[in-house]
Amino acid sequence: MDEGQELKQINQIIGVFVNKARQELKARWDQWHIDLSKNEFYEVVGALLARQVTLATQLAENPLIWNGHIAPLILRAMADVYISLAWILKEPIDRSRKFVLYGLGQEKLNLEHRKAQIEKRDPTPAEKIMIESSEAWINSQRFTFLTEVNLGSWSGISTRQMAEEAGCIDFYNYVYTPFSACSHSMWNHIARYNLRQCLNPLHQYHRCPYDPEMPVDPEYLYLAGKYLQKSFSTFDESVDMKIEGQSAFEILCEDLNQLNKVSDES
Ligand SMILES: [Zn+2]
């Protein structure tokens, strides 16, 4: 198979995956019996699932970032979403409220910082709009519990503890932690990806900065599909939902296998 053909096939695989992932999200939302008296739970869980679909579909649609420089940033964000989701589902109402409160607290803090920054002068028209829209967004939240509970920290515990309580410590150890090195540009990432040995033999084999091009690796698309499926499955199990038919991830696995077979043969 030539490169043009392979690219065409990859584009097809992406298109199918993206459509199917969005359909799956919609199918779950349509089937879920929503209790408006506990709206915060449904909105938080719905938004986290949608966020997971967004992260997976954005990664899918940008094959040039399917490499060790950038893909782990997105996969690590997906790991964060998964752990939050799994932890919230164990104690839905209390924990989704905590999640909302923390986010609103952060927004208020940002707003105060912005106001403090321009304290001694009048805001520009653009700043005025930004401040007003942030205030309006905070005040538009219609959750009744907002008046009952004080601002606290989000979960009050570390991500590791959340993963332990949600029964996904393996996921934390094998996915979240390794991808953190890339997300935080730690030494164990940058020394591998952004240094190469100097060619001057008199320089004692020191390493020099380097920004290498990386090949497109479909393994990263596979991982995004896998974490999306893991999120859907955890949700389904928790709320007792059955979704008919093949999942986006199952189709993706078949398509990627097919792609490997064809490129091995040619
Ligand atoms: Zn040198």
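Q: How many helices and strands does the protein have, and in what pattern do they follow one another?

A: This predicted model has 10 helices and two strands. Along the sequence, the elements run α-α-α-α-α-α-α-α-β-β-α-α. The C-alpha atoms fill a box of roughly 65 × 55 × 40 Å along the principal axes.

Q: Among contacts between residues at least 6 apart in sequence, what share joins residues at least 24 apart?

A: That share is 76% in this protein. As for burial, 25% of the 266 residues count as buried.

Q: How should one read the largest nonpolar core, and which residues have the most contacts inside it?

A: The general idea is that in soluble globular proteins nonpolar side chains tend to be buried together. Here the largest nonpolar core has 51 residues, and Met-78, Ile-83 and Ala-224 have the most contacts inside it. At least two residues of this core come from each of α1 (3–31), α2 (39–60), α3, α4, α6 (159–165), α7 (169–183), α9 and α10 (248–265).

Q: Which helix gives the most to this core?

A: Helix α3 does, with 12 residues. One residue to inspect is Met-78: apart from neighbours within four places in sequence, Met-78 is in contact with Gln-52, Leu-55, Ala-56, Ala-224 and Tyr-227.

Q: How is the packing of α3 and α9 to be read, and at what angle do they pack?

A: A helix pair is described by the angle and the separation of the two axes, and an angle under 35 degrees counts as roughly parallel. Helix α3 packs with helix α9 (residues 219–239) at an angle of about 5 degrees, and their axes are 10 Å apart. Helix α3 is therefore roughly parallel to α9.

Q: Which residues of α3 and α9 meet?

A: From α3, the residues are Ala-71, Leu-75, Met-78, Ala-79, Val-81, Tyr-82, Leu-85, Ala-86 and Leu-89. Their partners in α9 are Tyr-220, Leu-223, Ala-224, Tyr-227, Lys-230, Ser-231, Thr-234, Phe-235 and Ser-238. By class, this contact of α3 with α9 comprises 14 nonpolar, three polar and one charged residues.

Q: At what angle do α3 and α4 pack, and how far apart are their axes?

A: Helix α3 (residues 71–90) and helix α4 (residues 92–117) pack at about 135 degrees, with axes 6 Å apart. Helix α3 is therefore oblique to α4. In this contact, Trp-87, Ile-88 and Leu-89 of α3 meet Pro-92, Arg-95, Ser-96 and Phe-99 of α4. The contact of α3 with α4 divides into five nonpolar residues, one polar and one charged.

Q: How is a positive phi to be read, and where does Gln-204 lie?

A: The point to check is whether the residue is a glycine. Gln-204 is not a glycine, yet has a positive phi of about 55 degrees. Gln-204 lies in the loop between β1 (195–197) and β2 (207–209). Tyr-205, also not a glycine, has a positive phi of about 55 degrees, and its place is in the loop between β1 and β2.

Q: Do Gln-204 and Tyr-205 count as buried or exposed?

A: A residue counts as exposed if 12 or fewer other C-beta atoms lie within 10 Å of its own. Gln-204 counts as exposed because it has 7 C-beta neighbours inside 10 Å. Tyr-205 has 8 such neighbours and so counts as exposed.

Q: Where is Pro-209 found, and with which residues is it in contact?

A: Pro-209 is found in strand β2. Pro-209 counts as exposed because it has 8 C-beta neighbours inside 10 Å. Leaving aside neighbours within four places in sequence, Pro-209 is in contact with Asn-194 and Leu-195. The C-alpha atoms of Pro-209 and Ser-158, 51 residues apart along the chain, are separated by 34 Å.

Terms used: Residues numbered from 1 in each chain as written. Predicted model: local features only at pLDDT ≥ 70, side-chain atom pairs only at ≥ 80, totals over all residues. Axes fitted to C-alpha atoms, helices over the stretch in contact; angles between N-to-C directions. Helix = DSSP H or I, 4+ residues; strand = E, 2+ residues; numbered from the N terminus. Parallel < 35°, antiparallel > 145°, perpendicular 65-115°, else oblique. Contact = placed C-beta atoms within 7 Å. Nonpolar A, V, L, I, M, F, W, Y, C, P; charged D, E, K, R; others polar. Core = buried A, V, L, I, M, F, W, Y, C linked by C-beta atoms within 7 Å. Buried ≥ 20, exposed ≤ 12 C-beta atoms within 10 Å, placed from the backbone.
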